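Welcome! Let us walk through this structure together, one question at a time.

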Amino acid sequence: MGGRLISLMGFAVLLCLWSAAVAEGAAYLKYKDPKQPISARIKDLMSRMTLEEKIGQMTQIERKLASSDIMKKYFVGSVLSGGGSVPAPMASAETWINMVNEFQKGSLSTRLGIPMIYGIDAVHGHNNVYNATIFPHNVGLGVTRDPQLLKRIGAATALEVRATGIPYTFAPCIAVCRDPRWGRCYESYSEDHRIVQAMTEIIPGLQGDAPAGTPKGVPFVAGKTKVAACAKHFVGDGGTVKGIDENNTVIDYKGLLSIHMPAYFDAVRKGVATVMVSYSSWNGKRMHANHDLVTGFLKDKLKFRGFVISDWQGIDRITDPPHSNYVYSVQAGVLAGIDMVMLPENFTEFIDDLTSLVKKNVIPMSRIDDAVKRILRVKFTMGLFENPLADLSLVNQLGSQEHRELAREAVRKSLVLLKNGIDNQPLLPLPKKSPKILVAGSHANNLGYQCGGWTIEWQGHGGNDLTVGTTILTAIKNTVDPSTQVIYDENPDANFVKSNSFSHAIVVVGETPYAEGAGDSLNLTIPEPGPSTIKNVCGSVKCVVVIISGRPVVVEPYLSSISALVAAWLPGTEGQGVADVLFGDYGFTGKLARTWFKSVDQLPMNVGDPHYDPLFPFGFGLTTKPTKGN
């Protein structure tokens, strides 16, 4: 009996030890161990995932459709804010964080607890968010030819995006805009791929510098103050016929590689986490269905190891009309090599169709596994598993004074002086002390206009209640001597100008905001009353005309009457940077990164073309020196 009791006790002890080992085994999950190599974590996690969970990772849905329950039910891998999609008007950083964390809690409550990744278009600063610093659009930044400035802007943008709890931005756009009639030309740094390549330095600004020895093409994001970036739109988006958005880029393979592809070499080398595919076609084939370029070139030849994401309803638009054969769109897009699909609305249809295509062996499991492996690689690399929930530690970074000063510097460096004076009498820099000056024009006192599209709303918006910033009029008043009388009249008549004996006038006119196809233009004229204001003012007094636009516009008809002409592009919230240079605190240094045409009949016309006959050539820009004690 005693021996039997001892053996029973021994068995009980063994049972306890075995139970403890089982419990410990259940607690230890290799994929949750940050000490494990990322490849081992991916392999371990994928071995546990069902098809449903894998397809969930490939699914990106719009914020408006997301909830904690939806995230949990469909294992959704990613959520986005479309242009202007916000939790509330003028939402605070805390409101954004609470929303993102609520969705994340749904993801973390799933069986495997895979965190979702939230993405947003922070394309010139954190531009959907009230009170964020709005930097100049890329068309102006290309003028600076200053990669280190771009890196600093990337770092500041990353902090502001993280301030709202978001770890991923759909930027930078590395399009090479070859025709300013394109409505997205302001999202392009230059018509010259070399400038676009240099400006990819914004990527390590956003993501952090990849450590020495990191294999080429492996994504890198340096933790909680950095964000995953997205090089877009692959490839040839800036080369479409007549600049028509989402249209067809007609160019041979050599031309595609030498003009539109080079910046992707740089982006991949710098560890960009994601690449977005272009709506456009190349020689008639939709990029969203182009296996040779997305898989054959980007993934296989360039060795890109991050994930490829579609554009908004990008797979729908493989067919014409869009969504007319959705099963085919899903098949063509996923087989082309798209890993994550920005649906962003009809997500259950996508999940059902993709599941069916895999079960029928139309799409092999290996393609699904490639997609999921890439998505998980980015999530593991950026520390999303260790830090899935945002906190309030960075909220003060949103619209910080330091970032606004950086944006102001970027504005100063992006201005291009195209004309300065008549008969060798320079008008700029202007004296701060004058008896009376006139400020006129539709864009002088309009923060929304000077920020352009992709600002608070997708298409942008006029007026001064959009967000926080400094208009050019306010900047001028801040800069002149207290004794200088500043008269503002948006659109004065000629008699008013003549009868007021102004020392000089500053006229600020240009394009009104637009985004994407809404900005396509075949005439590229300054809309009225801009030309009337130029005529009424510059016909009567010495004037400097400041053009606010996303691209070169028609100015030749007014040039003879204008004393000085400045291209200010779309400067963003920090209008003080314009006044800094107009009044000589800093000199003009910017050089055109785009050719300024005489007439739209010349387009497309880029530097190096045989028919090159510009009004102002690529690389042109007059300079001034700062004035002391002005």
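Q: At which residues does UniProt place the feature "domain: Glycoside hydrolase family 3 C-terminal"?
A: The model in front of you is predicted, while the domain label comes from a UniProt record. That entry is unreviewed. It places the feature at residues 415-623.

Q: How far apart are the end C-alpha atoms of residues 415-623?
A: This span is 16% helix and 16% strand. Its end C-alpha atoms lie apart by 10 Å.

Q: What span should helix α16 have, at 1.5 Å a residue?
A: Helix α16 covers residues 401-414, which makes 14 residues. The expected span is 1.5 Å times one less than the number of residues. The end C-alpha atoms of α16 agree with the expectation, so both the expected and the modelled span are 20 Å.

Q: Which elements cover the buried residues of α16?
A: Buried residues in this helix include H403, R404, L406 and A407. E409, A410, V411, R412 and S414 are buried in α16 too. Among the elements that cover them are the helices α6 (138-144), α7 (147-163) and α21 (576-582), along with the strands β12 (416-420) and β17 (564-569).

Q: How many aromatic pairs are there, counting rings whose centres lie within 6.5 Å?
A: A pair of aromatic rings is described by the distance of the centres and the angle of the planes. With the 6.5 Å cut-off on the centres, the count comes to 13 aromatic pairs.

Q: What kind of aromatic pair do Y31 and F385 form?
A: Their ring centres are 6.4 Å apart, with 80 degrees between the planes. Planes over 60 degrees apart count as edge-to-face, so the Y31 and F385 pair is edge-to-face.

Q: How many residues apart are Y31 and F385?
A: Y31 is in the loop between α1 (2-27) and α2 (38-48), and F385 is in the loop between α15 (365-381) and α16. The pair links distant parts of the chain, at a separation of 354 residues.

Q: Is Y31 buried or exposed?
A: Buried means under 20% relative accessible area. Y31 has 1% relative accessibility, so Y31 counts as buried.

Q: Which residues do ring pairs link into a cluster with F380?
A: F385 is buried as well, with a relative accessible area of 15%. Ring pairs link F380 into a cluster with Y31 and F385.

Q: Over the face of which residue does R145 lie?
A: R145 is at 5.3 Å from the ring centre. The ring belongs to F618.

Methods:
Residues are numbered from 1 along each chain as its sequence is written. This is a predicted model: local features need pLDDT of at least 70, side-chain atom pairs count only at pLDDT 80 or more; totals for chains, interfaces and linings use all residues. Side-chain values use heavy atoms; hydrogens and water are left out. UniProt positions are given in the numbering used here, feature names are shortened, and annotations may be inferred rather than shown by experiment. Helices (H or I, at least four residues) and strands (E, at least two) are DSSP runs, numbered from the N terminus. Buried means under 20% relative accessible area, exposed over 50%, partly exposed in between (1.4 Å probe, protein chains only). Contact means heavy atoms within 4.5 Å. Rings of Phe, Tyr and Trp (its six-membered ring) pair if their centres lie within 6.5 Å; planes under 30 degrees apart count as stacked, over 60 as edge-to-face and the rest as tilted. A charge sits over a ring if NZ of Lys or CZ of Arg is within 6 Å of the ring centre and within 35 degrees of the ring normal.
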